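These are my notebook entries on what I looked up, one topic at a time. I wanted to see how charged side chains pair, how helices pack and where the backbone does something unusual.

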Amino acid sequence: RAVPREALFAPAPGQESRSHIEIHYCVGCRWMLRAAWTAQELLTTFSGKSSEEPQVGGVTLVPVAKPEGVFRVFVGGREVWDRKSEKGFPELRALKQIVRNEVSPQKDLGHSEKRGDKSPSASV
């Protein structure tokens, strides 16, 4: 029995309000592994402990053939990182801070930031 396409991409009950992350990556550049690693790091950071509600509703990897060289991260439909405009890939520490500021500003990132520092530009 076929499942309607809309049902495959509809948020699960209770996840409607959670932000969704998309990572667009260049297939010709073979950046799928980098995108998957980034997704794993973000899911691990923002899925919460077993007793907590996850801060993100999911991460989708989006392969892009054209234009080449794409590595972009979106949170809730808003672009938060573009490899071309930022002149490189995101450091995971900075990307976690940017995502945290979008989905859960009160979340402590532990070793991914200095105590009291909630800005992605301040690095240790």
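I began with Arg72, which counts as partly exposed because its relative accessibility is 29%. Its side chain meets that of Glu79 in a salt bridge, with 2.5 Å from N to O, and Glu79 is likewise assigned to the partly exposed class, since its relative accessibility is 31%. I note here that I am reading a predicted model, and that every distance below comes from its coordinates.

I then searched the whole structure for further pairs of this kind, and the search returned four salt bridges. One of them joins the side chains of Arg78 and Glu102, at 2.2 Å from N to O. This pair connects distant parts of the chain, for Arg78 belongs to strand S4 (residues 78–82) and Glu102 to helix H4, with their positions 24 residues apart in the numbering. I looked up the accessibility of both partners: Arg78 has a relative accessible area of 45% and is therefore partly exposed, and Glu102, with 33%, is partly exposed as well.

Another of the bridges is formed by Lys66 and Glu68, whose closest N and O atoms are 3.4 Å apart. Lys66 counts as exposed because its relative accessibility is 64%, and Glu68 is exposed with a relative accessible area of 51%, a value that I checked against the cut-off, since exposed means over 50%.

Lys66 came up again when I turned to the backbone, where a cis peptide bond joins Lys66 and Pro67, with omega at about -5 degrees. I placed Pro67 in the loop between strand S2 (56–64) and strand S3 (71–75).

Which residues other than glycine have a positive phi? I noted Arg30, with a phi of about 60 degrees, and Lys87, whose phi is near 60 degrees. Arg30 sits in the loop between strand S1 (19–26) and H2, while Lys87 is in the loop between helix H3 (83–86) and H4. Arg30 counts as exposed because its relative accessibility is 74%, and Lys87 is exposed with a relative accessible area of 74%.

My next entry concerns helix packing. Helix H2 (residues 32–46) and helix H4 (residues 92–103) pack at an angle of about 50 degrees, and their axes are 11 Å apart. The two helices are therefore oblique to each other, and H2 passes H4 in a right-handed crossing. On the side of H2 I listed Trp37, Thr38, Glu41, Leu42, Thr45 and Phe46 as making the contact, and on the side of H4 I listed Leu92, Leu95, Lys96, Val99, Arg100 and Val103. Sorted by class, this contact of H2 with H4 holds seven nonpolar, two polar and three charged residues.

I closed with the chain as a whole, which has four helices and four strands. Read from the N terminus, its elements follow the order α-β-α-β-β-β-α-α. Of the 124 residues in the chain, 36% are buried. I also looked at contacts between residues at least 6 apart in sequence, and found that 58% of these join residues at least 24 apart.

Note on methods. Residues numbered from 1 in each chain as written. Predicted model: local features only at pLDDT ≥ 70, side-chain atom pairs only at ≥ 80, totals over all residues. Heavy atoms only, no water. Axes fitted to C-alpha atoms, helices over the stretch in contact; angles between N-to-C directions. Parallel < 35°, antiparallel > 145°, perpendicular 65-115°, else oblique. Left-handed = near helix turned anticlockwise from the far one by under 90°. Contact = heavy atoms within 4.5 Å. Nonpolar A, V, L, I, M, F, W, Y, C, P; charged D, E, K, R; others polar. Buried < 20%, exposed > 50% of the residue type's maximum accessible area, 1.4 Å probe, protein only.
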